[in-house]
Amino acid sequence: MAQDNAIASGVVDMLKEDHTKVKELFEQFESAQGRERGQIAATAIQELEIHAALEEKLIYPAIREEIDEDDLMNEAVEEHHVVHLLIRELKKLKASDPTFQAKFMVLSELVKHHIEEEEGNVLPKAEESDIDWQSLEEMVLKRREALMSKASSGGRSARSSSNRRSKSKK
Ligand SMILES: [Fe+2]
Ligand SMILES: [Fe+2]
């Protein structure tokens, strides 16, 4: 409840910082040219993937358990789903491809809408709930570190090859 708000702000602040960062990258993309656009897009995609993984695996489940807002949370998950679809398609394209920019702009619009929904609706409700923020924050920080080191060591190809491996085992 209210006395937990100071602890809630750790996780919530981190999410909002990520949101600000990715919105800045979207802005930079719009004013950049050529090669630079590809680099900005790649950074934004990496940020989004880490952020989405933390929300999907740890933060959304914790929120879902404490607030009675299934429709709101289902919608957020569907928006993540579309973000992942767009990212998957963007990764197959060169930044110079004519459809890359269009797809990236659609991603940007969707993510900005999603952020408004989270900051305006989901997070304020979560902050008023009885989530165990301290243990959530510990888990989030640990997972974030692991995801970041995976990403910086070329996590993309490692991830897809491990997916293939686990499928072929079955
Ligand atoms: Fe978010
Ligand atoms: Fe989200």
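## Buried or exposed: the yardstick

A residue counts as buried if 20 or more other C-beta atoms lie within 10 Å of its own, as exposed if 12 or fewer do, and as partly exposed in between. With that settled, here's a look around this predicted model.

## Helix α5 and its two sides

By that yardstick, α5 has W133, L136 and V140 as buried residues. Why do they sit on the same side of α5? Around the axis they cover an arc of only 55°, and that puts them on one and the same side. Flip to the other side of α5 and you meet exposed residues: S135, E138, K142, E145 and S149.

As for its length, α5 runs to 20 residues, and the reach from its first C-alpha to its last is 28 Å, close to the 28 Å expected at 1.5 Å a residue. After α5 comes G154, which has a positive phi, near 75°.

## The cores

Two of those buried α5 residues, L136 and V140, turn up again in the largest nonpolar core, which has 14 residues. Along with V11, I59, A62, I63 and I131, they touch the most other members. Four helices each supply at least two residues of this core: α1 (5–31), α2 (34–66), α4 (98–127) and α5 (133–152). Which helix gives the most to it? That's α2, with 4 residues.

L136 is a handy place to start exploring. Setting aside neighbours within four places in sequence, L136 is in contact with V11, L58, I59, A62 and I131. Apart from this core lies another one, made up of 13 residues, including L25, A41, L48 and L107.

## Two stops on α4

L110 sits in helix α4. Is L110 buried, exposed or partly exposed? It has 15 other C-beta atoms within 10 Å, so it comes out as partly exposed. If you skip residues up to four places away in sequence, L110 touches E79, V82 and V83. Take V83: 27 residues separate it from L110 along the chain, while their C-alpha atoms are 7.5 Å apart.

H114 belongs to helix α4 too. This residue is buried, because 20 other C-beta atoms lie within 10 Å, and 20 or more is what the cut-off asks for. H114 and H19 are 95 residues apart along the chain, with 9.8 Å between their C-alpha atoms.

Definitions and conventions. Residues are numbered from 1 along each chain as its sequence is written. Chains are lettered from A and ligands numbered from 1 in the order in which they are written. This is a predicted model: local features need pLDDT of at least 70, side-chain atom pairs count only at pLDDT 80 or more; totals for chains, interfaces and linings use all residues. A nonpolar core is a set of buried Ala, Val, Leu, Ile, Met, Phe, Trp, Tyr and Cys residues joined through C-beta atoms within 7 Å. Two residues are in contact if their C-beta atoms, placed from the backbone, lie within 7 Å. The expected span of a helix is 1.5 Å times one less than its number of residues. The arc is that of the directions from the helix axis to the C-beta atoms.
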